[in-house]
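Here is a friendly walk through some local features of one protein chain. Have the sequence and the coordinates at hand as you read.

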Amino acid sequence: MDEMSRKILFPRAAIQKRVQELGGQISGDYAGRELVVIGILKGAFIFMADLIREISIPCNIDFVRVASYGASSENSGKVVMTKDIETSIKGRDILIVEDIVDTGLTLQYLVGWLKERNPHSLKICVFLDKRKRRKVSFEADYVGFTIDDGFVVGYGLDFNEQYRFFPDVYVIKQ
Ligand code: IMP
């Protein structure tokens, strides 16, 4: 993708600063406790790697993989778990980490799935929130940045499995 077809939205320095703030906030909110941080593959892996290094309380780490079927830039509404967690979460404090919440369908499905295992608490941290595009009512507890409509890539986020490795976040020009 050439530079004409993408526009920088969040440079790496702004991302780093915001992730530090989120880590500080989460560390304060869970002071004296222990967290199980569950990342949603693949998109959240870079954000989660940075975030947990800004959290100063003990963290256990696990991952889920959730696939939503349909065109690459639209959630069709059919969400399927393709990799479950390997940690027991009963009675524990859980923080789900996701790259972006768009329609809200993926996180709604995952929250339902994890709540059946009776965690003590469950909160959600998203790097980006496309608030205006919700199809189901859904609020994240921690949000890196709220963005308008538009497809974004970089910092773990892909378009057809490309561009995840960009250190900055770009919006693809339509
Ligand atoms: P939701 O279920 O519609 O909330 O969609 C969440 C998932 O859609 C995210 O985990 C991403 O994989 C994908 N997604 C939504 N918007 C974007 C975007 O702008 N860039 C990259 N992936 C996106």
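## A buried tyrosine with positive phi

Y163 counts as buried, with a relative accessibility of 12%. This is a predicted model, so please read the values that follow in that light. You will find Y163 in the loop between β8 and β9. Its backbone deserves a look too: phi of Y163 is near 75°, a positive value in a residue that is not glycine. Most residues other than glycine have a negative phi.

## R164 and its surroundings

Next along the chain is R164, placed in the loop between β8 (152-153) and β9 (169-172). Is R164 buried or exposed? R164 is buried, because its relative accessible area is 13% and the limit for buried is under 20%.

Leaving aside residues up to four places away in sequence, R164 touches K42, G43, F45, I46, G154, Y155, G156, L157 and D158. R164 also forms a salt bridge with E161, where the closest N and O atoms are 2.9 Å apart. E161, for its part, is partly exposed, at a relative accessible area of 45%. The pair belongs to a wider arrangement: a network of salt bridges links K42, D158, E161 and R164.

## K42 and the cis peptide bond

K42, a member of that network, is found in the loop between β2 (35-41) and α2. What kind of peptide bond joins L41 and K42? The bond is cis, with omega at about 0°. Most peptide bonds are trans, which makes this a good spot to inspect in your viewer.

## V66 in strand β3

L41 also leads us to V66, which lies in strand β3 (residues 59-69). V66 and L41 are 25 residues apart in sequence, and their C-alpha atoms are 7.0 Å apart in space. V66 is buried, since its relative accessible area of 14% falls under 20%.

Which residues does V66 touch, not counting those up to four places away in sequence? They are I40, L41, V79, V80, M81, T82, T106, Y109 and L110.

## Where α1 meets α2

Now turn to the two helices α1 (residues 12-29) and α2 (residues 45-52), whose axes come within 9 Å and cross at roughly 60°. That angle makes α1 oblique to α2. The crossing of α1 past α2 is right-handed.

On the α1 side, the residues that meet α2 are V19, L22, G23 and I26. Their counterparts in α2 are F47, D50 and L51. Sorted by class, the contact of α1 with α2 has five nonpolar residues, one polar and one charged.

## D50 and its salt bridge

D50, one of the α2 residues in that contact, also forms a salt bridge with R53. The closest N and O atoms of D50 and R53 are 2.9 Å apart. How do the two partners stand in terms of exposure? D50 counts as partly exposed, at 27% relative accessibility, while R53 is exposed, with a relative accessible area of 61%.

## A salt bridge between two loops

How many salt bridges does the structure hold? There are 18 of them. Another one to look at joins the side chains of R117 and D84, at 2.5 Å from N to O. R117 lies in the loop between α3 (105-115) and β6 (121-129), and D84 in the loop between β4 (78-83) and β5 (93-101), so the pair ties together parts that are 33 residues apart in sequence.

Both partners have intermediate accessibility values: R117 is partly exposed, with a relative accessible area of 28%, and D84 counts as partly exposed at 27%.

## N118, a neighbour in the α3–β6 loop

The last stop is N118, placed in the loop between α3 and β6. What is the phi of N118? Phi of N118 is near 55°, a positive value in a residue other than glycine. N118 counts as partly exposed, at 48% relative accessibility. In contrast, Y163, whose phi is likewise positive, counts as buried.

Key: Residues numbered from 1 in each chain as written. Predicted model: local features only at pLDDT ≥ 70, side-chain atom pairs only at ≥ 80, totals over all residues. Heavy atoms only, no water. Salt bridge = Lys/Arg side-chain N within 4 Å of Asp/Glu carboxyl O. Buried < 20%, exposed > 50% of the residue type's maximum accessible area, 1.4 Å probe, protein only. Helix = DSSP H or I, 4+ residues; strand = E, 2+ residues; numbered from the N terminus. Axes fitted to C-alpha atoms, helices over the stretch in contact; angles between N-to-C directions. Parallel < 35°, antiparallel > 145°, perpendicular 65-115°, else oblique. Left-handed = near helix turned anticlockwise from the far one by under 90°. Contact = heavy atoms within 4.5 Å. Nonpolar A, V, L, I, M, F, W, Y, C, P; charged D, E, K, R; others polar.
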